[in-house]
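Here's a short walk through a structure you may not have met before. Have a look at the sequence and the model, then read on.

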Amino acid sequence: MPPRRKLNKFERGRSVAWFQDGVPKREVARRLHVSISVIVRLIQCFTATGRVQERRRPGRPKKTTPREDRLIERLALQTKTASSSIIRRQRRVATNINISQQTIRNRLHGFNLRFRRPAVRPRLTPAHRAARRAF
């Protein structure tokens, strides 16, 4: 049985249309590569409400909009070594909205970005440089 996945709006409409045209639920599930339980639940919801739109889900709304998330991503990509506190300050200057460092970290984690600390190396003295050139 295929793994359970969400259907997008077009696929939900298509599956209901196929079902109304007389295509069996198993065949609809096979065509869309989803479990039959997904199709059964979708048909039940459609017959009860007459819509294929997903219901709102519970949970706290996000503090940032997708546009603000893209700004955070852009700030992080411009300066690879910027920490969440630096990005937070840059964002506050740009948008005048205050959000927590943890929210910044969560968004960066969502974009699969990590804070990079630059490598600390010993300083090269003029004698070191001369020795390297001579080598």
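## Helices from end to end

Start with the building blocks: the chain has seven helices and zero strands. Follow the sequence along and the pattern reads α-α-α-α-α-α-α. Its radius of gyration is 26 Å, well over the 14 Å that the globule rule gives for 135 residues, so the chain is more spread out than a compact globule. Keep in mind that what you're looking at is a predicted model.

For a feel of the dimensions, the C-alpha trace spans about 85 × 45 × 20 Å along its principal axes. Two spots on the chain help to put a scale on this: Leu-75 and Glu-27 sit 48 residues apart along the chain, and their C-alpha atoms are separated by 47 Å.

## Surface, charge and contacts

How much of the chain is buried? Of its 135 residues, 25% count as buried. The accessible surface adds up to about 11,000 Å², and carbon and sulfur atoms own 52% of that.

Then there's charge. The chain carries 36 positive and 7 negative charges, and the mean positions of these two sets are 14 Å apart. As for contacts, take those with a separation of 6 or more: 54% of them are between residues 24 or more positions apart.

## Two nonpolar cores

The largest nonpolar core has 13 residues, and the ones touching the most other members are Leu-7, Val-16, Trp-18, Val-28, Leu-32, Val-34 and Ile-39. Which helices feed into this core? At least two residues each come from α1 (9-20), α2 (25-32) and α3 (36-49). Helix α3 gives the largest share, with four residues.

There's also a second, separate core, made of nine residues. Among them are Leu-71, Ile-72, Leu-75 and Ala-82.

## Two buried residues up close

Arg-12 is worth a stop. You'll find Arg-12 in helix α1, and its relative accessible area is 10%. The cut-off for buried is under 20%, so Arg-12 counts as buried at that 10%. What does Arg-12 touch, once residues up to four places away in sequence are set aside? The list is Leu-7, Leu-42, Val-52, Gln-53 and Glu-54. One of these, Leu-7, also turned up among the best-connected members of the largest core.

Leu-75 belongs to helix α4 (residues 66-78). Its relative accessibility is 11%, so Leu-75 counts as buried too. Leave out the neighbours within four places in sequence, and Leu-75 is in contact with Ile-87, Gln-90 and Arg-91. Leu-75 is also one of the residues of the second core.

## Two loop residues with positive phi

Now for the loops. His-33 lies in the loop between α2 and α3. Its phi is near 60 degrees, which is a positive value in a residue other than glycine. Is His-33 buried or exposed? With a relative accessibility of 58%, His-33 counts as exposed.

Further along, Asn-96 sits in the loop between α5 (84-95) and α6 (101-110). Phi of Asn-96 is near 60 degrees as well, again a positive value in a residue that isn't glycine. The relative accessible area of Asn-96 is 68%, so this residue is exposed.

How values were computed:
Residues numbered from 1 in each chain as written. Predicted model: local features only at pLDDT ≥ 70, side-chain atom pairs only at ≥ 80, totals over all residues. Heavy atoms only, no water. Rg over C-alpha atoms; globule rule 2.2 N^0.38 Å. Buried < 20%, exposed > 50% of the residue type's maximum accessible area, 1.4 Å probe, protein only. Contact = heavy atoms within 4.5 Å. Areas by Shrake-Rupley, 256 points an atom, 1.4 Å probe, with all protein chains shown as cover. Lys, Arg positive; Asp, Glu negative; His and termini not counted. Charge placed at Lys NZ, Arg CZ, Asp CG, Glu CD. Core = buried A, V, L, I, M, F, W, Y, C linked by side-chain atoms within 4.5 Å.
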